[in-house]
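This report describes the fold, helix packing and selected residues of one protein chain. The sequence and the model come first.

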Amino acid sequence: MQKNTKDKILFFAPMAITFVLLTIARIYCHQPLLRTLPLYISLVVGLLQSRVSRYAPLIGGFNSLLYAYVYYYFGLMAMAAYALFFSCPLQLITFLQWHKRAYKHSTVFRCMTTKQRIWTTIACVATWLVTYAILKAIGSSYQLLDNTISLFGILISILTMFAFIEYTYLIIISSLISIYLHARMMVDQPEQITYLIFSIYSFICILKGFFQARALYKEQQELAASQSLKPNAES
């Protein structure tokens with residue numbers, strides 16, 4: 001009984017602490033609630049992501065509409081377009097896909113082939129170069145980081161939608177870049193402290209989700225292996 005209570009406290013503690021820090025920072029920086037509302041909603045999304053729950057993309061998809069507005073306000077055009085035209089629809093589709101291939105509270109994961117990894121890398125490099133040129137031409141803020149995070153977001157969203165286990169590695173890198181971006185932006189826009197606080201919380205949730213996803217994938221592989229051996233064992 002005591003162990004269950006301790007586990008629950010450890011599970012919800014990061015969200016509760018982040019909620020308090022976000023509120024203090026929002027009041028101190030005189031930020032309107034609308035510009036920080038998606039962060040509060042993302043606290044729940046992050047909690048679900050730490051369990052690799054298939055309901056995380058459902059809530060996250062609708063929350064992307066709010067993020068699109070906030071990114072546009074801060075001059076992050078690529079991230080605003082990504083949130084509106086990619087993150088929102090892809091997360092909703094991800095929920096439907098994961099629901100079809102449900103496994104416990106999550107989904108059945110798969111692994112990319114070598115050929116898929118090579119072609120994905122080539123496509124990402126080409127897209128990054130084209131997008132960077134466009135952002136530079138229109139004068140978007142923080143072009144290098146904005147472009148990189150947005151491209152990572154699109155790639156991770158697609159990999160997540162098809163339940164490729166590789167997304168769990170890439171999302172860690174993307175999260176670290178996001179922390180660096182918001183830290184950089186605080187120099188010119190101190191109110192970005194709310195997004196920096198959330199980025200750190202998100203990184204914690206992503207790390208938890210990484211180990212949870214790897215454990216589920218290993219469990220699924222062992223289950224598939226045992227089932228494939230059954231006919232031979234019975235004969």
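The text below goes from the whole chain to two helix pairs and then to single residues.

**Basis**

This is a predicted model, in which local features need pLDDT of at least 70, side-chain atom pairs count only at pLDDT 80 or more, and totals for chains, interfaces and linings use all residues. Residues are numbered from 1 along each chain as its sequence is written, and side-chain values use heavy atoms, with hydrogens and water left out.

**Overall fold**

The protein has 8 helices and 2 strands. Helices (H or I, at least four residues) and strands (E, at least two) are DSSP runs, numbered from the N terminus. Read from the N terminus, the order of elements is α-α-α-α-β-β-α-α-α-α. The radius of gyration is 19 Å, close to the 18 Å that the globule rule gives for 235 residues, so the protein is as compact as a globular protein of that length. That radius is taken over C-alpha atoms, and the globule rule is 2.2 Å times the number of residues to the power 0.38. The C-alpha trace spans about 70 × 50 × 25 Å along its principal axes.

Of the 235 residues, 46% are buried. Buried means under 20% relative accessible area, exposed over 50%, and partly exposed in between (1.4 Å probe, protein chains only). The protein exposes about 13000 Å², and carbon and sulfur atoms supply 71% of this area. Accessible areas come from the Shrake-Rupley method with a 1.4 Å probe; for residues, only the protein chains shown count as cover. Among contacts (heavy atoms within 4.5 Å) between residues at least 6 apart in sequence, 73% join residues at least 24 apart.

**Helix 4 and its two partners**

Helix 3 (residues 56–73) and helix 4 (residues 77–100) have axes that come within 8 Å and cross at roughly 170°. That makes helix 3 roughly antiparallel to helix 4. Axes are lines fitted to C-alpha atoms, for helices over the stretch in contact, and angles run from 0 to 180 degrees between N-to-C directions. Angles under 35 degrees count as roughly parallel, over 145 as roughly antiparallel, 65 to 115 as roughly perpendicular and the rest as oblique. Residues of helix 3 in this contact include P57, F62, Y67 and Y72, and those of helix 4 include M79, L84, C88 and F95. By class, the contact has 17 nonpolar, 6 polar and no charged residues. Ala, Val, Leu, Ile, Met, Phe, Trp, Tyr, Cys and Pro count as nonpolar, Asp, Glu, Lys and Arg as charged, and the others, Gly among them, as polar.

Helix 4 also packs with helix 6, at an angle of about 10° and with the axes 9 Å apart. That makes helix 4 roughly parallel to helix 6. On the helix 4 side the contact includes Y82, F86, L90 and W98, and on the helix 6 side D146, I149, I154 and M161 are among the residues met. The contact of helix 4 with helix 6 divides into 12 nonpolar, 6 polar and 1 charged.

**Buried residues in helices**

G60 lies in helix 3 and is buried, with a relative accessible area of 7%. Leaving aside neighbours within four places in sequence, G60 is in contact with V45 and Q91. The C-alpha atoms of G60 and S42 are 7.1 Å apart, and the two residues are 18 residues apart along the chain.

T18, in helix 1, is buried at 7% relative accessibility. Not counting residues up to four places away in sequence, T18 touches L43, I197, F198 and Y201.

S174 is found in helix 7 (residues 167–185) and counts as buried at 11% relative accessibility. Outside its neighbours within four places in sequence, S174 is in contact with F152 and I156.

**Loop residues**

The table gives the relative accessible areas of three residues in loops.

| Residue | Loop | Relative accessible area |
|---|---|---|
| H30 | helix 1 (2–28) to helix 2 (33–50) | 70%, exposed |
| L76 | helix 3 to helix 4 | 1%, buried |
| A163 | helix 6 (143–161) to helix 7 | 2%, buried |

H30 has a positive phi of about 55° although it is not a glycine. A163, also a residue other than glycine, has a positive phi near 60°. L76 and L135 are 59 residues apart in sequence, with their C-alpha atoms 9.6 Å apart in space.
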